[in-house]
Structure formats: structure tokens, C-alpha cells
Amino acid sequence: MSIAQSAPVARDAGVRRPVWPLVRSVLLPLAGPIAFLAVWQAICMAHVVRPVLLPTPFATFSFMFDALLHGTMLEDAFVTLSRVLFAFAIGAVLGIPLGVIFGSNERLYRSVEFLIDFFRSTPASALIPLFILFFGISDFNKVAIAGFGVFSVVVFNSAYGVMNARKSRILAAKVMGASQLQIFRDVMFFESLPQTMVGLRTGISTALVVVVVAEMFIGSDQGLGHRIIEGEQVLQITDMYASIIVAGLIGYALNMLFMIADKRLIHWSGH
Amino acid sequence: MTALADRSAATDVPFITVRGLGKSFGKQLIYDGFDLDIPRGTFTTVFGPNGCGKSTLINLMSGLIPFDAGTVEIGGKDFRSATIGYVFQNYRDSLFPWLRALENIEYPLKVRGVPRAAQRERVERLLAAFEITLDLKRRTYELSGGQQQLVAILRALIAEPDVLFLDEPFSALDYEMTLYMRDKLQTVFMETGLTTVLVSHDLEEAVYLADRILLLSKRPTRVVEVIPFDLARPRTVEIVGDPQFVATKQHALHLFREEMRR
């Protein structure tokens, strides 16, 4: 309402009112979510969808807060998040050094290029049955699959970053008398960092996707994926929606975290 | 006076010696049996037609790109064991943006394992010597183009190199900054007496800075002429009206156009 009222005033005055920056920075980003909730509420009120399939936004969010504060939702979220982080750590710790080694040796990279491209193009979720065969339906299994997904994107991006390090800076270090090791540590590493960060960011998203899917299909009794599929099967639909939202919030938070880290760590990119 | 006399006496001794240099890129022959002597403590500028291998010449002499045949000696030893200061045309792609300006300048010392305190001290001395005021705490990309190239020059000087190579160092700067940087570079040269080789695509700049202008031919590259220019330093912008400057520039231009016509 306040938007509709303030707009004509600003036009009358003929100048940009100081309220506009506030509108732009706070209200504008909120417009989408508010519209989304409004449509959701409207669908519920119009009885287009049966209430048993779609609870109101209010019911969903109040269930979510209640389940987080008094129920087991927080625990499930924590289990999912820790699996994601564990998988991410495994993928990154193995993927970065290996990627850097591949990237710094063109011949080595050419010989494994197909494998890397193949596995990073294969959906990690397609490997779930295979992993079940090898690791059973253990807890580690979920982490292992997601870790593999992270690994394949991280290896590729780190290798790519090293291979495409700007030659001019390497030459500059060389003419200053830097040894091969120094060039590697002081130049190539930093040159490849932006691309490595791209790999890590893609990796954390992949990890969340794979962990949630794995929790749905590899017999588990905890985690958001488990909670979502169980909500659907026993018709605790409100729980299902609330769990989806929590999973989404985790993904959003992780993304934000990586964007901030990226800006801080790679302050020079874009200059 | 004595220092100047010493330098002119030393001028006759070749410091950089190139013999039988050969280099081709694919089928394109750039250098074939190329010989060159550059005396100690002189400022040599390299000028010639586009694509004649001006930059390639200093890249070969500094070991940035390998050559196919011949030898390059600096100060009587193989060029690989000489300390080389090199300033790239593109400062943006040659400085390290993840380091601060100060750390960039110190890097050649860090590579040599000079202790931190001594690194800092040498940078201070260098800045004082050339009356340079720069906020060295800043990131390189926060500095202006001229300041960045100044950082690159200081980085090239910090390890007290045997020779200083510059590849069209001012071509990306505006005219005002170019004039300022030429003067700074002249000051550096006068203070240090460092054997300097600068590649230029600007004949006025080439004459302005030079003791000797090395005029190169089209490919395969030979030396057309080494034109001496011994007007007293410090030279200022006014010298562009000096008869000796005008005559030297005209002579160089004449040779250049002859070469283009071939």
C-alpha cells in the first residue's frame, strides 16, 4: 500500500525523494517473496487445490517454527547439513590438490581429461545404486556419493584454473628469478583461485542435492530428505512443505556464505 | 664529474653481447645470425617497423622466450646467471593483484630469501632515492595506471639488476603521465647508471630517452643503424626544439621510411 501511495507523491515533486533508496534496497527485493506468498494464500482461499495437498503459508510456517523449536526438525536439518559439509570437505581436500597436479601437467591432464569430463557430466544420483552395492545402506554411503559429486567438479575447476593461469604473471615471476616451486606457490596458486572457488561453490550445491536425494532413497531415519519423503508418504503434508523450505534455506545460506567468502578471498577478481 | 668521466670511459666496453642469434616463430624467420653489442651504463632505445621483433629482442635477451641459435652474454656471463629487471607493457597483467603494492615491489627480494626487515629497508631507500611518494599499502588495482607502472619499475629495480629491460612501458598511459614517467625513468638512469634497453613505438620518446637509438629493419631483422644522441641530461620537454634533437629525429625518421619502402 505504501508503495502505491508514495509513487504519485514523488512524481508530483518532480525530484527523487530520499525514500526511494530505501524502497529500492529493502522493499524491492521483498516484492517477489511477498507476491509468492500472496499467490499461495490465494490458491488456498480459492480452494483450487485440496487443503490436504496444500496447507496455507501461515500453517506451514507456524508448523516449521514449532518443529524447529520443539520438534526434531532442527536435528534433521543439522544431520543434513553436517553430511553436506563432510561430503564437501572430502571432495575439496582430495579434489583441489589433484586438480592442481593435473592442471600443471598438460600431458597428464590430456590423459585424464575424458574421465574428468565424463564423471562431472554424470549425475551423482545415478551412482546411488552402485554405491549401495559397495558401501551398503550405511550413513557413510550418503556422504561418499555426495563427496564424489563434489570431487568431480572441484578437480575439473582447479585443473582448469591452473591451466589458464595468465602466462604474463608467470613470465614476470620467472624473469625475477623465481624457482619452479615459487612460481607455483606464489603465482599459479593465486591465479587458479577464482576458478577453484567456482568449483567449490558448484560443489557445495551439488553436495546438498545429492545428500537430500540419498536421504530419501538410502534407508535413513534422519535428515531433511528422509523427512520430506516420509511427510509425503504418510500424508503429513505440512511437515513436507516445511522441510522443503528448511532445505531451501540451508542451500540459500550456503550460497550466500560462499559468495561472501569469494568476495573477501578473491578481492582482485574483476579488476 | 669523475663519476661521469668513469661512465664515459666504460662506455666502450660491451656489456650485453649478442652473437649469432636465431629465432623463428613457426615458419616465420625473425632473427638469423643477429649480432649486437650494448655498452655498459648506456640507455639504448629500440625502434623499428611494426612486427620487426623489437619486443622479441628483449624477450630473447632476458630469457622470457627461448632462442633457436646463438649466445647472449650479460656482463661477461651467460644471460641466465644475470639479474634482470624487466618492465612489461601491460602492468595490469604483470603485477600480482593479490599482493599489496609494497609486497609486489619486495617480491624479487623475497624470491632471493632476503630477510623481511631488509626488504622493507631497501624499498624505503629506493623510494627516497627517486623521490617517489606512493601509498604502498594499497592493492595494485586501486592505483592509477601510471602508479601501477611505477610499482612495476620499482619491482624491476629492487634487486639491483645488471640490466633493465622495458617493453613499451608507457604506451598504455595518458600523455601527461607518460611525460612524468619518462622523467622518472631518466632520473633512475642518471642515479644508477644502469644499462637500460627500452623498446618504443614512439620515435620522439625513443630519441628523448636515448644515448643510442637502435633502429631495426623489417624481418628478418637486422640493425639498420645505431644512432648516437649525446645531448646532456637531465633532458626536459624543451629539448624537442633543440636542433640536435630535431636533426637526430629526422635522420631516424628518414632511415625508418627508407626501410618501410623496401
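Is A:Arg166 buried, partly exposed or exposed? I looked this up in what is a predicted model. A:Arg166 comes out as partly exposed, because its relative accessible area is 42%, and the class runs between 20% and 50%.

**Entry 1: A:Arg166 and its contacts**

I placed A:Arg166 on chain A, in the loop between helix 7 (139–163) and helix 8 (167–175). I then listed its contacts, leaving out residues up to four places away in sequence, and found A:Glu191 and B:Asp93. A:Glu191 is 25 residues away along the chain, and its C-alpha atom is separated from that of A:Arg166 by 7.0 Å. With B:Asp93 I noted a polar contact between the two side chains, at 2.7 Å.

**Entry 2: A:Asn141**

I stayed with helix 7 of chain A and turned to A:Asn141, which lies in that helix. Its relative accessibility is 0%, so I entered A:Asn141 as buried. Which residues does A:Asn141 touch, leaving aside neighbours within four places in sequence? I recorded A:Phe131, A:Ile132, A:Phe135, A:Gly136 and A:Ile218.

**Entry 3: helices 10 and 11 of chain A**

Next I took a helix pair. Two packed helices are described by the angle between their axes and the distance between the axes. For helix 10 (residues 224–233) and helix 11 (residues 237–265) of chain A, I read an angle of about 155° and axes 7 Å apart. Helix 10 of chain A is therefore roughly antiparallel to helix 11 of chain A, since the angle is over 145 degrees. I logged the crossing of these two helices as left-handed.

From helix 10 of chain A the contact takes in A:Leu224, A:Arg227, A:Ile228, A:Gly231 and A:Glu232. From helix 11 of chain A I listed A:Ile237, A:Asp239, A:Met240, A:Ser243, A:Ile244, A:Val246, A:Ala247 and A:Ile250. Sorted by class, the contact between helix 10 and helix 11 of chain A holds eight nonpolar, two polar and three charged residues.

I also checked the loop between helix 10 and helix 11 of chain A, where A:Leu235 sits. A:Leu235 is not a glycine, yet its phi is positive at about 60°. With a relative accessible area of 54%, A:Leu235 is exposed.

**Entry 4: A:His47**

I found another positive phi outside glycine at A:His47, near 55°. A:His47 is in the loop between helix 2 (19–45) and helix 3 (57–69) of chain A. Its relative accessible area is 60%, so I put A:His47 down as exposed.

**Entry 5: helix 2 of chain B**

Why is helix 2 (residues 54–61) of chain B described as largely enclosed by the rest of the structure? Seven of its eight residues are buried, hence the description. I wrote down the buried residues of helix 2 of chain B as B:Lys54, B:Thr56, B:Leu57, B:Ile58, B:Asn59, B:Leu60 and B:Met61. Just after this helix I noted B:Gly63, with a positive phi of about 80°.

**Entry 6: helix 3 of chain B**

I then counted burial in helix 3 of chain B: nine of its eleven residues are buried, and the helix is mostly covered. Among the buried residues I noted B:Ala101, B:Asn104, B:Tyr107, B:Pro108 and B:Val111. What do the buried residues of helix 3 of chain B pack against? I found helix 9 (180–217) of chain A, along with helix 4 and helix 5 (145–157) of chain B. Following helix 3 of chain B is B:Gly113, where phi is positive, near 75°.

I looked further at the pairing of helix 3 (residues 101–111) with helix 4 (residues 116–129) of chain B, whose axes come within 10 Å and cross at roughly 120°. These two helices of chain B are therefore oblique to each other. Helix 3 of chain B passes helix 4 of chain B in a right-handed crossing. On the helix 3 side of chain B I listed B:Leu102, B:Ile105, B:Glu106, B:Leu109 and B:Lys110, which meet B:Arg116, B:Gln119, B:Arg120, B:Arg122 and B:Val123 in helix 4 of chain B. That contact between helix 3 and helix 4 of chain B divides into four nonpolar, one polar and five charged residues.

**Entry 7: cis peptide bonds in chain B**

I recorded a cis peptide bond between B:Arg219 and B:Pro220, with omega about -15°. B:Pro220 is in the loop between strand 9 (212–216) and strand 10 (223–228) of chain B. I recorded a cis bond between B:Arg233 and B:Pro234 as well, with omega about 0°. B:Pro234 belongs to the loop between strand 10 and helix 8 (243–261) of chain B.

Definitions and conventions:
Residues numbered from 1 in each chain as written. Chains lettered and ligands numbered in written order. Predicted model: local features only at pLDDT ≥ 70, side-chain atom pairs only at ≥ 80, totals over all residues. Heavy atoms only, no water. Helix = DSSP H or I, 4+ residues; strand = E, 2+ residues; numbered from the N terminus. Buried < 20%, exposed > 50% of the residue type's maximum accessible area, 1.4 Å probe, protein only. Contact = heavy atoms within 4.5 Å. Polar contact = N/O pair within 3.5 Å; in protein donor to acceptor, adjacent residues only side chain to side chain. Axes fitted to C-alpha atoms, helices over the stretch in contact; angles between N-to-C directions. Parallel < 35°, antiparallel > 145°, perpendicular 65-115°, else oblique. Left-handed = near helix turned anticlockwise from the far one by under 90°. Nonpolar A, V, L, I, M, F, W, Y, C, P; charged D, E, K, R; others polar.
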